[in-house]
Every structure is written in C-alpha cells, then in structure tokens.
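I opened this notebook to record what I looked up in the structure, entry by entry. Each entry takes up one topic.

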Amino acid sequence: MTEYKALRHIPQANLFRQGDVFVLFGELFGRGYVNGLIDEARKAGMTILGITVGRRNDDGSLRALTAEEHAEAEAKLGGRIINVPLMAGFDMDAPAGEQNPTEMLSGITLKSWQDDKLDWDKIELCRQAGVARFASSAKEAMLEIDKLIPDGANVFFAHTMAGGIPRIKAFLAIANRIYKGRGERFMSSRALLDSDLGKLILMNFDEVSANTLKHLIDASAPIRERITAKGGEVRYTAYGYHGTEVLIGGEYKWQTYTNYTQGYAKMRLESIAEAAWKQGVYATVFNCPEIRTNSSDIFVGVELSLFPLLTALKKEGGGAWAQQQWDICQSLLNEGESVQGILDKLESYLQTETSAGFRNFEAWPMDNSPELAELMIGTSDEITSLHQDRKALVTDHLSSLVVEGTGPLMFHGAAEKIAPVLWLNHDIIARQLNELHK
C-alpha cells in the first residue's frame, strides 16, 4: 500500500518553456484528464508530440493509421504523431497459429462465465507475445521521437494509457450487473475477481494501465541520457486513482468509489513510479479525483463525490467566481430544485454507516455490497432525475473544472519533483481554480 501523500501547496516551479518537448504517451480520443496537461504545455510554448495505439483490421490484426486517420489524429492533438501502433494489452495477441485470449473467451455467456476456465499456460504465452510486441514498438516509436527533440531541451512525458477489458459480448451484461445492478440485478464484484475471466481482466489491466509506464521509462532511456548529459531535465507523469478527499461534515476526508476494479493496476502503477524515483528517474503518479468521462460512465455513482467540490470552492476563498459556478449548476436543475438541496442529499449519503464503511484506505479497493449498490446507485439516479436534461448534468460542469485544475497542478508539480505518488484532493483543486480565476 502506497504511503498517502496529498499535495497541499500550489506548485510554482516553471521548468518548461518554448522549445521544450511534451510527449503524450497514449492517444487523445475525447475530452479527458490529459487535456488539462496539454493546455499547460501549449501555454508554455512546448512542441507537442504524440503516439497512436493504431487500429484493428477486420481480421483483428493491428495496423498503423491511414494517411487520413493520421492527419485527423494530429489535428486533434495539435502536434505531430509518430505512426507506430502502440496498442497495449495482450487480449488480441497470441503466438503464430494459436488462439488469442479474446478468441478463447468467445464462448462465455452470462450463465456460464463464473464456471468457465482458461488455459493459463496458453494465456501466459499470449501475454509474453503482447509484451514483446509492445516493448519493440515502444522502442521504435522512441527512436523516431528522439530525432524530434533538440539538444538542450527539457522533456515532459505524459503517460495516459488505461483500460484493458477484452472485447467479448457477455462482458457488457456482466459489467452492467456489477457496476449498475441493485436489488435482484446486483452482482458481487468479488464474483468477477474470483472467476478466470476476472483474473484475465486484472492481468490485462496491469499490462495496459501500469506496465506501459515501465515500458515508456525503459524505451525512452536513450533520450533521457542524451538530454540530461546536455543539462536538460526529463519528467514523467501518469494518471492514478486511489480515492479522493472531499468535504464531509465540513472536513476533508478520504473517500472512494467502490468497486474500482482497476484499483489493483493503479497501485502497480504507483509502485513503478516509486521504483523509478529510487533510480533517479522523476516519474510521478497523480491520483486525481473522480470525474465523468466516456469511459467512467459505466460506473454509476462515481460522479457523486464531485458535488462537494462546490462547497470546497467557497471554503478555499472563492469569491464571485465560485458563486458563478454555483449559479451555472443551479441553471441545470429543474424548477424548485436547488444546488444546496443536492449537497444536503450528498452529505446524508456520505454520512451513512454504509458509505462510511468503505472509507478504509488500507483495504482499498474493497468489494461492492448489495447495501452500497442500493444506496449509491439509488442516490445517483435520484440526483440525475433532478436535472432539466440528462445530457447536461452538474457533474459534467464540475468534471471540466477538475480537469482545468489538475492541469497546472500536474504540470508545475512534476517540474518541482515533489514525490513519486501524490493525491490531488478537492482542497488543492479548489485553491488552484480560485487562483486561476482571481
């Protein structure tokens, strides 16, 4: 278990400037956390480079981007993309002539999945094939990136790879039960973790969300050595999640979304940064607050802990701008409903014995329970119903604020070399936002 270290000051270190290079290690698809970092890199005048995960042919084989896809991806990033496919994970990899894990899982059904067994020797050979492919491609991509980084530049590598769920039809139905089910539709997250399917998913999460940071650090070693030999500096950041402090009863207290299956991989990610730091490589995992993204929407209730950010904005010295955020959120609600009313509901939810029982940092990530699912999903559904439009939620607005606040905290925090793992809680996010909008 990583030592808990929250960032309590607004970092001011200004390392990066015009002519330095920002490398996005992960592909930019939609609006998410990394946009905040890219905005900071652009403001500093850095050259922006990126990679691609590639695309799949109809037969499942991995390929580089077409000219049209490449141009579109570069326009989205606002920088140059190295067209070497860096799809992480091994769910579609296999030794020549063998089945890959996705094919092995193709017969799984909603009725059979808890009893279906996998051949772990074959899975391990697939994992090795996937790792070898990724490591080789990472090396190739870094050789190309090296050519684009001038001597004397500082370099910022931003790792954003996450995920790893194999594409099998039955999984969506299983996930809907685990992350959205209550009452008779409730399913224990422990049932998934104890199944062969769950064990495979955890292995693939490790490869995608965690081990790719190690591949990045290793493959970029020649760049790092060249840059530091010329007096430049290199930083690595990655996005973690390990619960967040929010205001509960007027105090900042650590809480978490349950069940966060990727939590095991996120802890592995933290340990990779800690090991790198001991070797003099400055890699920092920033554990960021819960937000709503395309990929987090399956986790109903993950958005609930966003609401107390509104209270934090006022508590941390926010004036007219903080009130403006309340007003924007108020405008999204049905007539007769209020932001304060929602915050009162949230306070009640967070104060329940059921909710408090999951605020156990040492036991993270805990399994879900029928009681928690009933309370959390019920509260989420109830609050969503108070909005004028289900596609314009208070949590969308608050998510964009969190992204805006984490960008400078990570950008300047990485420059400052504070620690290998840092928590960005609602207190520092609110203070950073208030500072930006003074």
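**Entry 1. Helix H14**

I began with helix H14, residues 370–384, whose 15 residues reach 21 Å from the first C-alpha to the last, close to the 21 Å expected at 1.5 Å a residue. I note here that the model is a predicted one. I then asked which residues of H14 are buried. I found Leu372, Ala373, Met376, Ile377, Gly378, Thr379, Ser380, Ile383 and Thr384 to be buried. For the cover over the buried residues of H14, I recorded helix H5 (169–180), helix H12 (339–351) and helix H13 (353–356), among others that may be included.

**Entry 2. The open sheet**

I next looked up the strand order. Seven strands make up an open sheet, arranged S5-S2-S1-S6-S7-S10-S11, with parallel pairing. Strand S5 (80–85) and strand S11 (421–423) are the edge strands; each has a single partner strand, so one side of each lacks a neighbour in the sheet. From one strand to the next, the twist averages 20°.

I checked the edge pairing at S11 in detail. S10 and S11 are joined in the parallel sense over three bridges, and Val285 stands opposite Val421 in S11. I then turned to the helices on the sheet. Helix H1 (residues 34–43) packs on the sheet and touches strand S1 (21–25), strand S2 (47–52), strand S6 (155–159) and strand S7 (234–240). The direction of H1 makes about 165° with that of S1. Helix H2 (residues 67–77) lies across S1, S2 and S5, and runs at about 135° to S5.

**Entry 3. Strand S7**

I asked how many residues of S7 are buried. The strand is mostly covered, with seven of its seven residues buried. In a regular strand, side chains alternate between the two faces of the sheet. I therefore listed the two sides of S7 separately: Val234, Tyr236, Ala238 and Gly240 lie on one, Arg235, Thr237 and Tyr239 on the other, and all are buried, so both faces are covered.

I also recorded the partners of S7. Five bridges join S6 to S7 in parallel, and Val155 has Val234 in S7 as its bridge partner. S7 and S10 also run parallel and are joined by five bridges; here the bridge partner of Tyr239 is Phe286 in S10.

**Entry 4. The S8–S9 hairpin**

I looked up a pairing outside the list above. Strand S8 (residues 244–248) and strand S9 (residues 251–255) pair in the antiparallel sense over five bridges. Ile248 stands opposite Glu251 in S9. S8 and S9 form a hairpin with two residues between them, and Gly249 in the turn has a positive phi of about 60°.

**Entry 5. Pro289**

I asked whether Pro289 is buried or exposed. Pro289 has 2% relative accessibility, and as the limit for buried is under 20%, Pro289 counts as buried. The residue is placed in the loop between strand S10 (283–287) and helix H10 (309–315). Neighbours within four places in sequence aside, I listed the contacts of Pro289 as Tyr33, Thr244, Val402, Thr406, Leu424, His426 and Ile429. I also noted that the C-alpha atoms of Pro289 and Gly78 are separated by 26 Å, the two residues being 211 apart along the chain.

**Entry 6. Asn434 and Gln323**

Asn434 lies in helix H16 (residues 426–436). With 8% relative accessibility, Asn434 counts as buried. Setting aside neighbours within four places in sequence, I found Asn434 in contact with Leu313, Glu316, Gly317, Gly318, Trp321 and Ala322.

Gln323 is placed in helix H11 (residues 320–330). At 32% relative accessibility, Gln323 counts as partly exposed. The C-alpha atoms of Gln323 and Leu310 are separated by 8.8 Å, with their positions 13 residues apart along the chain counted as the offset.

**Entry 7. Aromatic rings**

I closed with the rings. The count of aromatic pairs comes to 18. One aromatic cluster is formed by Tyr179, Tyr241, Tyr257, Tyr260, Phe299 and Trp364. I then asked where the charged end of Lys417 sits. The charged end of Lys417 sits over the ring of Tyr282, 4.5 Å from its centre. Lys314 lies over the face of Trp326, at 3.7 Å from the ring centre.

Terms used. Residues numbered from 1 in each chain as written. Predicted model: local features only at pLDDT ≥ 70, side-chain atom pairs only at ≥ 80, totals over all residues. Heavy atoms only, no water. Helix = DSSP H or I, 4+ residues; strand = E, 2+ residues; numbered from the N terminus. Buried < 20%, exposed > 50% of the residue type's maximum accessible area, 1.4 Å probe, protein only. Contact = heavy atoms within 4.5 Å. Phe/Tyr/Trp six-rings, centres within 6.5 Å; stacked < 30°, edge-to-face > 60°. Lys NZ or Arg CZ within 6 Å of the ring centre and 35° of its normal. Pairing = 2+ DSSP bridges. Axes fitted to C-alpha atoms, helices over the stretch in contact; angles between N-to-C directions. Expected span 1.5 Å × (residues − 1).
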